[in-house]
Amino acid sequence: MTYAAITGWGACLPPSVLSNDDLSTFLDTTDEWITTRTGMKERRISHVSATEMATVAARRALACAGLDPSEVELIVYGSCSNDEQVPNSASGVQAALGATRAAAMDLNTACTSFLYGLSAATGMVRSGAVKSAVIIGVELISPYMDWDNRNVSVLFGDGCAAVVIQATDQPEGVLGEQLGCIAGARHTLRVRGIGGAYANHGVLFGDTQWDFDGQEIFKRAVHAMIQASASVLAKCGVRPEEVDLVVPHQANLRIIEAVVTRTGIPMEKVMLTVQRYGNMSAATVPVALTEAVAEGRVRPGSLILMPAFGAGLTYCAHLVRWGARVTPLSVSEATLPPSPTTALERVMAIRAGKVGAMARSGAGLQPARLFSAQEGIVGR
Ligand code: ACO
């Protein structure tokens, strides 16, 4: 029987940090409110495109696996904040890596995109369609954020991570998963102005508006992730106490505590990054996984539970068996260029761009570009 072992891992976090105190300089909010309601202290704001973050993370993951880009047979790009819709983003990463043999596909299930992508790629490896794949979770949310809406703008950050999977006859990688979607709750999180004609009606492109029912999402997410976790553990014949580490989606510390404790797992077994990076949507789980390995929290043969949810409302829980190796085979030198601005300066520029876009629209002019090529953001 063929399995799909995780053999490489690598993250790419933009260097600019936006703190809760930074947010309170232009929003009616406080560090105390954000910390107690969400667990978040800071998040990252990118000065480069999502594809650039994805390329650096993929290079690091490939070096870790000891795999040359020319050997990769599939790239899955999990995201809901693509630099452009056509052509797809995975092809941009393929070109940047020189992974000329790789099939390239984008996958959008919002925050669960990385884990849905891991399922899709694992299935292809197990069927024999491909022997290796790079799965990326990446988000560049800051340009699409409605920064003046404190209900949402304190919650999200930018970031990226990737893993490499390879065919093996050892029972490693994804042992089982439970995937689902509560489509009756899709109205609880909708971003208008991010792309697509229907939802953009009456909203200027780039001048995004977030329809967001935080309390309803909270309740639905907790219930769905508890059900999915119980289901995948039962399917795999694993008891909660046999799980070595939980790497959950990190939208809110209180959501994580509710899911993990009601699944019967102590909080000491949970990898937390929410305090440092906020919710990076699809990037959250792979970044936390990469940091868990670096911190020595993933051991040879570890059983890892990964519950997540996202807009849709999509949800899932994966059970992964780690392999024997917990150290990289080699280290990539790929890195991002330094940021020319602070995170707060960048956010202020985005806010000013949106105000400018609205004013020009009112004057019957074309919508403004929020980013210039010189700033490193492409595809907008
Ligand atoms: N600063 C200060 N006050 C705020 C802020 C803020 N940033 N945001 C909201 N408030 C106010 C509200 O206006 C409200 O005031 P009111 O009582 O006068 O109306 C008050 O704080 C309480 O708001 P609640 O909604 O009751 O706060 P709650 O404890 O539910 O926390 C939160 C809100 C953090 C959004 C929580 O509901 C949550 O985490 N929900 C899920 C979030 C989530 O899932 N995000 C990701 C979506 S899917 C994905 O991952 C892509």
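How far is a nitrogen atom of the ligand from an N or O atom in the side chain of Asn151? The separation is 3.5 Å. This is a predicted model. Its ligand sits in the second largest pocket. Taken alone, the ligand exposes 1000 Å², and the protein buries 75% of that.

**Polar contacts to the ligand**
- Asn151 pairs a side-chain N or O atom with a ligand nitrogen at 3.5 Å.
- Trp33 places a side-chain N or O atom 3.3 Å from an oxygen atom of the ligand.
- His249 has a polar side-chain atom 2.9 Å from a ligand oxygen.

**The shell around the ligand**
- The ligand has 21 residues around it.
- Of these, Thr29, Arg37, Cys111, Gln215 and Asn252 come nearest.
- By class, the shell holds nine nonpolar, eight polar and four charged residues.

**Helices that contribute**
- Three helices each supply at least two shell residues: H2 (31-38), H6 (150-153) and H7 (214-236).
- H7 gives the largest share, with four residues.

**Cavities**
- The structure contains two cavities of 30 Å³ or more.
- The second largest cavity has a volume of about 30 Å³.
- Its lining consists of Met225, Pro248, His249, Ile256, Val259 and Pro307.
- That lining counts five nonpolar residues, one polar residue and no charged residues.
- His249 therefore appears twice here, a link that rests on the cut-offs for each role: it lines the second largest cavity with an atom within 4 Å of a grid point, and its side chain has a polar atom 2.9 Å from a ligand oxygen.

Note on methods:
Residues are numbered from 1 along each chain as its sequence is written. This is a predicted model: local features need pLDDT of at least 70, side-chain atom pairs count only at pLDDT 80 or more; totals for chains, interfaces and linings use all residues. Side-chain values use heavy atoms; hydrogens and water are left out. A residue is near a molecule or strand if one of its heavy atoms lies within 4 Å of it. A polar contact is a pair of N or O atoms within 3.5 Å; within protein, one must be able to donate a hydrogen and the other to accept it, and residues adjacent in sequence count only if both atoms are side-chain atoms. Accessible areas come from the Shrake-Rupley method with a 1.4 Å probe; for residues, only the protein chains shown count as cover. On a 1 Å grid over the protein atoms alone, a cavity is a set of points where a 1.4 Å probe fits but cannot get out, and a pocket is an open set with protein on both sides within 12 Å along at least five of seven lines; lining residues have an atom within 4 Å of a point. A molecule sits in a cavity or pocket if more than half of its atoms lie within 2 Å of its grid points. Ala, Val, Leu, Ile, Met, Phe, Trp, Tyr, Cys and Pro count as nonpolar, Asp, Glu, Lys and Arg as charged, and the others, Gly among them, as polar. Grid points are joined across faces, edges and corners, and a volume is the space filled by probe spheres set on the points.
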